[in-house]
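New to this one? Take a look at the sequence and the 3D view below, and then we'll walk through it together.

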Amino acid sequence: MASKVTDWLKRRLPALPKREEMAKNRWLSPVAGTIARSELWRFTRRSVPRGVALGVFAAFIIPLGQTLLAVVLALPSRANLPLAAVTTLITNPFTIAFWAVIANRVGNFVLKIDAETGGMAGESMRSGWLQEFAQWASLAGVTAFGFLVLAIVGAALGYLIAGFAWRFVVAKKWGRRGLKDKALAPAE
């Protein structure tokens, strides 16, 4: 299974650097030994869900540099490095507006912010740039909170889905192996 996934990634993403190339990069020399560890590049039942979860978390938690954050988080947690980096592509320049709207709605839903929340402070800022700034800050805060909720919930769902998918694929592979063994066994 791992070779099929690795081969598919190599065909689809030919520009991905190899583990050895990254270890020789002068910019990565302080962490080259850590990045080059083979356990971070293997597809195992534990590293795959960790990589997906960290990639989804990093994709939603910051708007720029998600891949770097996912890789940094993957190192101490022994998650799959390529999956952590690729999973961050959930949010990209083409989908960020969509995710911002979703994050704003999630933030509004969770915080239940309405027009009455402002209270006395809202009354003192009836007009002017201060009110516009307060509205913008409120919108940005709600959206940022929504992104935090999406990061946490998305990471948890990504971990669970990747874990179940891994178990399904391995069970299917073992089932085929059992059928093959039965076909090759001598008749009694």
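What follows is a short tour, from the overall fold to the inside and then the surface.

## The big picture

First off, keep in mind that this is a predicted model. The protein chain has nine helices and zero strands, so its pattern, read along the sequence, is simply α-α-α-α-α-α-α-α-α.

How much of the chain is buried? Of its 188 residues, 27% count as buried. The accessible surface comes to about 13000 Å², and carbon and sulfur atoms account for 67% of that.

Contacts also link parts of the chain that sit apart in sequence. Take the contacts with a separation of 6 or more: 73% of them involve residues 24 or more positions apart.

## Inside the protein

In soluble globular proteins, nonpolar side chains tend to be buried together. Here, the largest nonpolar core has 13 residues, and Val48, Phe60, Phe147 and Leu150 are the ones with the most contacts inside it. Helix 4 (47-61), helix 7 (96-111) and helix 9 each supply at least two residues of this core. Helix 9 gives the largest share, five residues. There's also a second, separate core of 11 residues, with Leu40, Ala74, Ala79 and Leu81 among them.

Phe60 is a handy residue to click on. Which residues does Phe60 touch, leaving aside its neighbours within four places in sequence? The list is Ile90, Thr91, Trp99, Phe147, Leu150 and Ala151. Two of those names, Phe147 and Leu150, also turned up above among the core residues with the most contacts.

## Along helix 9

Helix 9 covers residues 129-184, and Gly141 is found in it. Is Gly141 buried or exposed? Neither, quite: Gly141 counts as partly exposed because its relative accessible area is 37%, which falls between the 20% and 50% cut-offs. Measure C-alpha to C-alpha in your viewer, and Gly141 and Asn108 should come out 9.9 Å apart in space, while in sequence they are 33 residues apart.

Ile161 is in helix 9 too. Ile161 is exposed, because its relative accessible area is 58% and the cut-off for exposed is over 50%.

## A nonpolar patch outside

Not every nonpolar side chain is tucked away, as Ile161 shows with its relative accessible area of 58%. Which residues join Ile161 in a nonpolar patch on the surface? They are Leu148, Ile152, Val153 and Leu157. Together with Ile161, they have about 440 Å² of accessible area.

Technical notes:
Residues numbered from 1 in each chain as written. Predicted model: local features only at pLDDT ≥ 70, side-chain atom pairs only at ≥ 80, totals over all residues. Heavy atoms only, no water. Patch = residues over 30% accessible without salt bridge, like charges linked within 9 Å, V, L, I, M, F, W, Y side chains within 5 Å. Areas by Shrake-Rupley, 256 points an atom, 1.4 Å probe, with all protein chains shown as cover. Salt bridge = Lys/Arg side-chain N within 4 Å of Asp/Glu carboxyl O. Helix = DSSP H or I, 4+ residues; strand = E, 2+ residues; numbered from the N terminus. Buried < 20%, exposed > 50% of the residue type's maximum accessible area, 1.4 Å probe, protein only. Contact = heavy atoms within 4.5 Å. Core = buried A, V, L, I, M, F, W, Y, C linked by side-chain atoms within 4.5 Å.
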